[in-house]
Amino acid sequence: MAGGWAQDGAVNEQIEASINDELARLKAQKRPVGESRTHCAECEEPIPEKRRAAIPGVKLCIDCQQERDGAHQARGGINRRGSKDSQLK
């Protein structure tokens, strides 16, 4: 049930749009290609067999990958909940 000037189903549409935006962003990310390395490209630690099987083409160990992922800055996005209608409750 929508209130104010919002149409019926507006909340569900916003949720679906947010999910679709995030899925599109994840699909656009580059994935590793080629053969997996047995040792990390940065620290030379062995990469576990289960990781190599789960992610074909992996080049980094878990610790180095987490460090690299943490180095990325937070992305800006659309604040779908920041509309005036949502703040009038």
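A disulfide is counted here when a pair of cysteine sulfur atoms lies within 2.5 Å. Chemically, a disulfide is a covalent bond between the sulfur atoms of two cysteines.

Welcome to this structure, which is a predicted model: local features need pLDDT of at least 70, side-chain atom pairs count only at pLDDT 80 or more, and totals for chains, interfaces and linings use all residues. Residues are numbered from 1 along each chain as its sequence is written, and side-chain values use heavy atoms, with hydrogens and water left out.

Let us begin with the fold. The chain contains four helices and zero strands, in the order α-α-α-α along the sequence. Helices (H or I, at least four residues) and strands (E, at least two) are DSSP runs, numbered from the N terminus.

Of the 89 residues in the chain, 10% are buried, meaning under 20% relative accessible area with a 1.4 Å probe, counting protein chains only. About 7800 Å² of the chain is exposed, and carbon and sulfur atoms supply 52% of that area; the areas come from the Shrake-Rupley method with a 1.4 Å probe. Among contacts (heavy atoms within 4.5 Å) with a separation of 6 or more, 27% join residues 24 or more positions apart.

Now to the cysteines. The structure holds zero disulfides. C40 is in none, and the nearest cysteine sulfur, that of C64, is 3.6 Å away. The sulfur of C61 also stays unbonded to its closest cysteine sulfur, in C64, because 3.6 Å is too far for a bond.

| Cysteine | Relative accessibility |
|---|---|
| C40 | 0%, buried |
| C61 | 8%, buried |

Terms used. Buried < 20%, exposed > 50% of the residue type's maximum accessible area, 1.4 Å probe, protein only.
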